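Reader: I'm new to this one, could you put it up and walk me through it?
Author: Gladly, here it is.

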Amino acid sequence: MNIDTNNFCLPVSYQKEDLDTHFKVFHELMSNKVFEILLVASPYDAYILEEDGSLASKITNEYRGLNLSRPPRITQAATAAQAMEMLTEKEFHLVLAMPHLDDMDVFDLGRRIKRSHCDLPVVLLAHSIKGVHPPPEGKDFTGIDQVFIWSGDSDLLLAIVKSMEDRLNAATDTQKAMVRVLLLVEDSPLYISYFLPLIYKEVVHQTQEVLEESLNQEHRLLKMRARPKILVAQDYEQAIALFRQYRAYLFGVISDTRYPKDCKDTADAGYTFLSEVRRAIPDLPLLLISNEPKNKDLARRVPADFIDKNSDNLLEEIHQFFLSKLGFGDFVFRQPDGSEICRAANLKALEEILPSVPDESLLYHATRNRFSNWIMARSETALASHLRNAKAADFSGADEIRRFITSHIHALRKCRQKGVVMHFNSKDYDPEISDFVKIGEGSMGGKARGLAFVTNLLQKSAHLLERYPDVTIQVPKTLVITTQGFDAFISHNELELSTMAEKSDEQIADLFVNSEMPPWLVEQLHKYLESVHQPLSIRSSGLLEDVHNHPFTGLYKTYMVPNSHPDFAIRYNQLITAVKLVYASTWFKGPQKFISGTAYRIRRDQMAVIIQQLVGERHGAFFYPDISGIAQSHNFYPVAPSKAEDGVASIVLGFGRGIPEGEPSFRFSPAHPQVLPQFSKTEDILANAQNQFWALGMESIPDGLYFKRGINVEKRYMDDAENEAPIQRLASTYVADENRIRDTVHIPGRRVVTFAPVLKYDSFPLPDLLKDLLKMARDGMGCAVELEFSINLTGKSDNKGTFNFLQMRPMAAGEGEHDVTVTPEDADHALCYTTKFLGHGRTQTIADIIFVRPDTFHPKDTVAIAHSISSVNRTLRRQNRPYLLMGPGRWGSFDRWLGIPVKWQDIDAVGTIVEIRNKSLTADPSNGSHFFQNITGQGIFYLTVTEGNGDRIEWDVLTALPQTFSDKYIVHTRLQQPLIVKCDGRKSRAAILLEEIATQ
C-alpha cells in the first residue's frame, strides 16, 4: 500500500507489551507533580529562565528521564495584581516570584498568596543576596517558602521544580519503592542556588549509568521515576528531622559547616550533625563543605570528605565526590535478539541514524511503538501522537516506515527552530536561513541571551513590521559557542585558574593561544567557516555578563577578523585565535577582581563566545557600516525639551568602538532629534563633529593579523573616504565663504558628518524607530535598557536599510528607590550638589574622600594622578573602606587629555564618583557606558558637576577637612562620621552632605 509520508494520520489501536510486576510500582511514583507554574516576573526575567526556546524542550533535553513525560507548563503574570487574579481562575502547583514588580513588594505578594492558598509553595528568585540573606531585621518572610538567587544559570529553574516535587513525593516514594535520598544542608540561598542544579545533574547522570542495562528504553524511562530524591534543610533542626525520617533511605549527606542551630548561627553545626549521622550509619558517604579551610580538620574528625567553597575547582571536586563516593538515555537501536546496534541522544541524532539502521531493527522498534514512546518522553506530543496512529502493517515495508518517521522528525525540527536558537548542524547548516545557532549544550552567556531575547521580542512585535515596512529590523547572523566549549577547552588543556595569579594578562593570552582547541569544537568551527565568507566579530558572552545588578560590560575582549584571506587555513587560524583570546580574557586581572567584589565570587565565570557576521559593506580596501550607535532608554543628562524618560542615542559613522571611550559622536534625543545644544553654532559643529572613523582593513592581511592592537581595525580620516557611499549619504558640506553648513555633498567644500539626511530629512526613520525599539526593550526587560546597534543604508525608497541589534543590556539603578528625596535644605548645605548624575538612591557608608587638587591640576599630569589614586585605593581596599572620588573630566578615559585614565582595578574600592567639568577640563559627560556601566552595576553613584552652571562644590569646606595623605596631585581626607549621598533620579537632584549639617 502507498502511504503519504508527509500527511499520513491513521487511527490505530496499539497493544503495549505487558510489564512485569516489578515495574508496575514505578507507575505509582511521583504522584505529586508540578504541572502548572505561575511565574510572576517581567517579560525579560521570564524569558531568561527559558533562555533559548520552549521550557518543555529544555527540560527534556537537559534532564532526560527525570520523569518528564509531562513537563511543567509556565503561565506568566507581569504584575502582582495579575497574579492574584490568575490564582482565582486556575489551579497552580508552584509560584515563582521575581523582585522586579512595579505594583507590590514581593514579600507582601507572598503573604497575600498564603492567606488564600496556604499550601501553595511560593519561591522567591532574587537577583542577589542583598535584602534576603541574612533576613533583614523587620522584613517578614512568612509568605516565602524558599529563596533562590538567579545568576544566569538556566538549570536552576529545573532544579527548583524538581526540588519542590521531591519534597511532595519523598515520603510516599521511599516507602513504595525504597527510593534513595540525598540530603543537602545549607542555609545560604546563594550556595543552595549553586549546588542544587549541580547535584541534580550528577544524580541523574549516575542513575542513568546504573540503568544502562535495563531491558529496553521503556523500562529505562519507567525506572527513572525512581531517581534519588534531593531534600534540602536550612538549619540543624530541619536536618535532624529529615535524617530521622529518611535514615533507612539515605545514600549520602552534603552539609555546610556553619548554619543555625537552636536559632543561633553556629560555627560547627555541620560537624555536630555529620558526627551524629556517622555514629548512626558508619559507612554513609558524607561531605562537609565550608568557606573556611580550617574546617577540614573538623571533617577529618567526623570522618567525612571536605570541599572548600572558595576552591577554583569546586565543580570538579563535587563531581569527583559523586564519582568516587556515591558511585553510580538515549534511544537504543537493537536487533530482535536484544543486541545493541547504535543509540541516539536526541531527535537530530535519531534522524541522522535512521537511514542506516537495519530493516529488522527498525521493524522491531516500530512494531512495539518505541519511536512514539521515546518522542513522547521529550514532550513532542503532536509528533508522538501522529506516529502512534500509524501501524506498521499499513506500510509497504521498512523503507517506507523509515521515510515516514524521518520526514516527520525533520518537519518537527524545522518547525521547532522558528523563532528560537538552533543547534548548529554541520551537515545542513545554511547561513542564509540560519539566523541564530549555537554550538554546545551549555549556557549561551548573558550577552548572547540578551540577543536571543531580542529575536523573541521582534517575533512578537508585528506592529513594528507594519509601521516600518521599508526597514529590516534584525539581529545579525549569529553563532554562539556555549560555555560547554570553554569548559572543554580548559579541561582539554588542563588549565587551572589558581595557577594564573602570578601571570600577566599578556602571559595568560599567550598561554591560551598556544593551547589546543577540543577536537569536537575544531570540527564544528571548521564546518561553520566553510559556509561563511562575511567579516566576523568574535565577542565575549560571559555567564554573568549583562545580568541585573551586575552587568559585566566592557571587562572582556572583542575581536574582528576580515575572513577574506585566500588561504582557508589562515582564515580558520585567525578565527580560532580570536576565540582563544576571548577565552583568555575571562581570566584576566580586571574580570577576576570585579568578580571578587560581587556576590558571584563563589563561582568561576564561564565564557560563551559570540561569532557574529559583521554589519557593513566593503568600500575599497575597508569594511564598515554606515551608522553605529548606543541608545539608552533613560537620559541622565536631558536638555529641554527632552525628558529623562525620552532616552538618548549617540551615533557615529563606521564602527562604534570609540563611543564608550568618549570619542566624538553625535548625541541626540530620539524624541527631539533636532535639539542639539552641542551643535548650536557652526563653530561648535566643526569642533565637535566626527573627523575620523573606525573601519576594518580587508587587504594586506598578515597570517596572524594584529591581535594585540585590535586586529585590522583602524582609524580613517573622513577626508580619505569622502567619495565612499556612507559619507555621501550622511555628510553635509561646510562652505567657508559663507561660514555655514549646507545639507548636501554636491557642492565644493569640507565634508562634515551631521547625519542630516537621517535626522532632518528622514532618509532612514532612525529617531522614531529608536523610540519604538527602546520602548519595546524597556517593557520587555522591566527596567531601563541600553542598546548597541549598527545600520546599513541602501538609499532605496522601497527598502531604506537594515537596523541591526548588536546588544541589549539592563541599565543598573541604585537601591532605595522609593525613599530618597533631596530637599532644598540639602541643596543649600551640600558639600557637592548637581542635577546631572547616574543612579538613584541613598547611601551613608563613605567616610573617606580622595579628590584631585584643583590648585595644581594640569591635563598633562593625568597619568601621574591615576597612579597616585591607585596607590591610595589599594590601601582603602585592604581596609574595606569605600570612598568618594572627585576629579576633573572622564574617569576611565583612554584619552588622557579628556580625564583621569584610571582602570577599574585602580578604583575598585570606590563608593561614589564625582566628575567635574570646569575651565581646566570641559570634556563631554561620559554617560556611564561600558566602564561606568560596571560601576553602576555595584550601586555606585556617578555625579557630573559642571561648575558655574548651577552645580557646585564647596571647595573651601573640602580643602579645610583634615588630610590623611596628600601629594602634588591628590588629597585623601578621612571623616569621623560618614557622608550622606542622596540621588533623586525622579527630580534630577543629587547632594553629598556632611552628617553634622545634613537636614533630615
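Author: Before counting anything, note that helices (H or I, at least four residues) and strands (E, at least two) are DSSP runs, numbered from the N terminus. This is a predicted model, where local features need pLDDT of at least 70, side-chain atom pairs count only at pLDDT 80 or more, and totals for chains, interfaces and linings use all residues. Residues are numbered from 1 along each chain as its sequence is written, and side-chain values use heavy atoms, with hydrogens and water left out.

Reader: Ok, so how many helices and strands are in the protein chain?
Author: The protein chain has 32 helices and 43 strands.

Reader: And what share of the residues is buried?
Author: Taking buried as under 20% relative accessible area, exposed as over 50% and partly exposed as in between (1.4 Å probe, protein chains only), buried residues account for 59% of the 1000 residues in the chain. By the Shrake-Rupley method with a 1.4 Å probe, where for residues only the protein chains shown count as cover, the chain exposes about 40,800 Å², and carbon and sulfur atoms supply 48% of that area.

Reader: Switching to rings, how many aromatic pairs are there?
Author: Rings of Phe, Tyr and Trp (its six-membered ring) pair if their centres lie within 6.5 Å, and planes under 30 degrees apart count as stacked, over 60 as edge-to-face and the rest as tilted. By this rule there are 19 aromatic pairs. One of them is Phe-486 with Trp-587, an edge-to-face pair with 6.5 Å from centre to centre and 90° between the planes.

Reader: Where do Phe-486 and Trp-587 lie?
Author: Phe-486 belongs to helix 20 (residues 483-492), while Trp-587 is in the loop between helix 23 (568-585) and helix 24 (589-596), so the pair ties together parts that are 101 residues apart in sequence. Both Phe-486 and Trp-587 are buried, and ring pairs link them with Phe-489, Phe-512 and Tyr-583 into a cluster.

Reader: What about Phe-851 and Trp-955?
Author: Phe-851 and Trp-955 also form an edge-to-face pair, at 6.2 Å centre to centre with 65° between the planes. Since Phe-851 lies in strand 36 (residues 841-852) and Trp-955 in helix 32 (residues 955-960), the pair ties together parts that are 104 residues apart in sequence. Phe-851 and Trp-955 are both buried.

Reader: Now the sheets: which order do strands 30, 29 and 31 take?
Author: Two strands pair if DSSP finds at least two bridges between them, and here an open sheet of three strands has the order 30-29-31, with antiparallel pairing. Strand 30 (740-742) and strand 31 (750-753) stand at the edges with a single partner strand each, so one side of each is left without a neighbour in the sheet. Strand 29 (residues 731-735) pairs with strand 30 over three bridges, and the bridge partner of Tyr-734 in strand 30 is Ile-741.

Reader: Last topic, how many disulfides does the structure hold?
Author: With a disulfide defined as a pair of cysteine sulfur atoms within 2.5 Å, the structure holds zero. Cys-983, for instance, is in no disulfide, and the nearest cysteine sulfur, that of Cys-832, is 9.2 Å away.

Reader: Are Cys-983 and Cys-263 buried or exposed?
Author: Cys-983 is buried, with a relative accessible area of 0%, whereas Cys-263 counts as exposed at 81% relative accessibility.
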